[in-house]
Amino acid sequence: MSEPSFRTIIEPFRIKSVEPSRTTTRDERERFLQEAGHNLFRVRARDVLIDLLTDSGTGAMSAEQWAGVMRGDESYAGSPSFFRFEEAVRSLTGFRHIIPVHQGRAAEKILFTAAAGPGKIVPANHHFDTTRANVEAVGAEAVDLPCSEAADIATGHPFKGNLDVERLENLLRQRAGDVPLCLVTITDNTGGGQPVSLENLRQVRAVCDRHGVPLFLDAARFAENAYLVKLREAGQAQRSARDIAREEFSLADGATMSAKKDGLANIGGFLALNDDGLAERARQLLILTEGFTSYGGLAGRDLEAVAQGLDEVLDEDYLRYRVRSVEYMGEGFRAARIPIAEPPGGHAIFVDARAMLTHIPPGQLPAQSLACAFYREGGIRTVEVGTVMFGHTDAATGEQVPAPQDLLRLALPRRVYTQSHVDYVVEVAAWVAAHRDRLTGYRIVAEPATLRHFTATFEPIAG
Ligand code: F0G
């Protein structure tokens, strides 16, 4: 008999250990919001029912990862856990030097301190915000060169994460001597978790080769990128995600990695690269800031969890479920006529709050208003990716200078929530959408000098 085929894509795991979630009332949540200055970063996690603030470090570890935690060897130097980690990263990436760090931004800080500096330029499809901040912190300039399709939120394109190779070519023709490396973020988080095609990576590689510039990956979501390549890129459907992931890395000279995403770990990361001299400088910086070269700010048990996670993340049952759950949430939003960034990416749905709440002008923070509504009505925590995060207050007028877009990100932690959790999120979203006229704009009450979204306080503008 032929293999029967069923439509339902299930969570490919059984649940062995559970963590209760806590239901609160709308009145309680209204009070929590007020106490938090209407900033969801200031709300306590115990007061959140479904936490979609980030997919970073929030995933569930497998039984094998917990077994690795027990096996973890805590020797200061040369721990067996380090060699297991090194082997896992090397067999995946093929890079010569494997440097553990406590999370992605530590790899970024070390890489840009060792490779960049004043007068240097680092081009990328999109720099994630910590990446940009680390480039700028060493006096260099971070230049985003997204493909033209990336700017159109509503229109689907399979590879909106692609880098514009023509603009890269122009930049390198003029300034290659000032470019220590080119970075490609897979998937492009800032652009909506959108993948980069292998074809684009090959083209970027060719441009970099012509100008003698090394190519690095920000590989935080390399497995989701590989699976989206398998689904969306012509000629890739028959390949395994593992094989595609290996090709992604083989096209680069090095990578930074936050293992809090596709490492399926709660903490960890690495810097991996081929250049001996750069690796030597990076290891010196590592010892200064993170720790010795065989643990880099992690415990041996963390190295074990990452080593195991890097293998599990390329399991095709897992990736099918992962990508499908994000798409499923997107379908629910579309059915409720809520405008989202199209197509759904690998880790999150981004709602176009500016298009959804047309009665709230960008200067009155529509995505912040929507974030508060999702929490107030349904206990769901999301993150504003818009004027609060990327805009600023005009010093002269006190008005908000809006960001190009006002999005609300709902990031799905890995292996944590089930389909009924997602159904609930969609139901809350539909309810908020049906009552959107009641939502008002927000104003900033107090804000810090930098990275204001983490700590600023807000108040609703009386409607
Ligand atoms: N690169 C990308 C593409 C990221 O999304 C992140 C983190 C980092 C680097 C930094 O890694 O947090 O381990 O230091 N993104 C999280 C998020 C914070 O919510 O998207 P980290």
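**Exercise 1. The shell around the ligand**

In this predicted model, work out how the residues of the shell around the ligand divide into nonpolar, polar and charged.

*Solution.* Start with the sorting: one residue is nonpolar, eight are polar and seven are charged. Next, look at which of the 16 residues come nearest to the ligand: Thr54, Arg105, Asp218, Ser258 and Lys261. Then turn to secondary structure, where helix H4 (residues 104-115) gives the most to the shell, with three residues.

**Exercise 2. Short distances to ligand oxygen**

Find where glycine 104, arginine 221 and serine 258 place N or O atoms relative to oxygen atoms of the ligand.

*Solution.* Take the backbone case to begin with: a backbone N or O atom of glycine 104 lies 2.9 Å from a ligand oxygen. Now the side chains. Arginine 221 has a side-chain N or O atom 2.9 Å from an oxygen atom of the ligand, and for serine 258 the corresponding side-chain distance is 2.7 Å. To finish, consider the cover: of the 470 Å² of accessible area that the ligand has on its own, the protein covers 92%.

**Exercise 3. Strand E8 and its partners**

Decide whether the faces of strand E8 are covered or open, and identify the bridge partners of leucine 271.

*Solution.* Begin with burial: five of the five residues in E8 (residues 269-273) are buried. Split them by side, and Gly269, Leu271 and Leu273 fall on one face, with Phe270 and Ala272 on the other; both faces are covered. Now add the pairing. Strand E2 (residues 97-101) runs antiparallel to E8 and is joined to it by five bridges; here isoleucine 99 pairs with leucine 271. Strand E7 (residues 254-258) is also antiparallel to E8, again with five bridges, and threonine 256 has leucine 271 as its bridge partner.

**Exercise 4. Two buried residues**

Explain why alanine 36 and glutamine 400 count as buried, then describe the surroundings of each residue.

*Solution.* Apply the cut-off, under 20% relative accessible area. Alanine 36 is buried because its relative accessibility is 3%, and glutamine 400 is buried because its value is 14%.

Alanine 36 sits in the loop between helix H1 (26-35) and strand E1 (50-51). Not counting residues up to four places away in sequence, alanine 36 touches Arg42 and Val43.

Glutamine 400 belongs to strand E13 (residues 400-401). Its side chain makes a polar contact of 2.9 Å with that of threonine 393, and another of 2.9 Å with the side chain of arginine 452. Beyond its neighbours within four places in sequence, the contacts of glutamine 400 include Gly363, Leu365 and His392.

Note on methods. Residues are numbered from 1 along each chain as its sequence is written. This is a predicted model: local features need pLDDT of at least 70, side-chain atom pairs count only at pLDDT 80 or more; totals for chains, interfaces and linings use all residues. Side-chain values use heavy atoms; hydrogens and water are left out. Helices (H or I, at least four residues) and strands (E, at least two) are DSSP runs, numbered from the N terminus. Buried means under 20% relative accessible area, exposed over 50%, partly exposed in between (1.4 Å probe, protein chains only). Contact means heavy atoms within 4.5 Å. Two strands pair if DSSP finds at least two bridges between them. A polar contact is a pair of N or O atoms within 3.5 Å; within protein, one must be able to donate a hydrogen and the other to accept it, and residues adjacent in sequence count only if both atoms are side-chain atoms. A residue is near a molecule or strand if one of its heavy atoms lies within 4 Å of it. Accessible areas come from the Shrake-Rupley method with a 1.4 Å probe; for residues, only the protein chains shown count as cover. Ala, Val, Leu, Ile, Met, Phe, Trp, Tyr, Cys and Pro count as nonpolar, Asp, Glu, Lys and Arg as charged, and the others, Gly among them, as polar.
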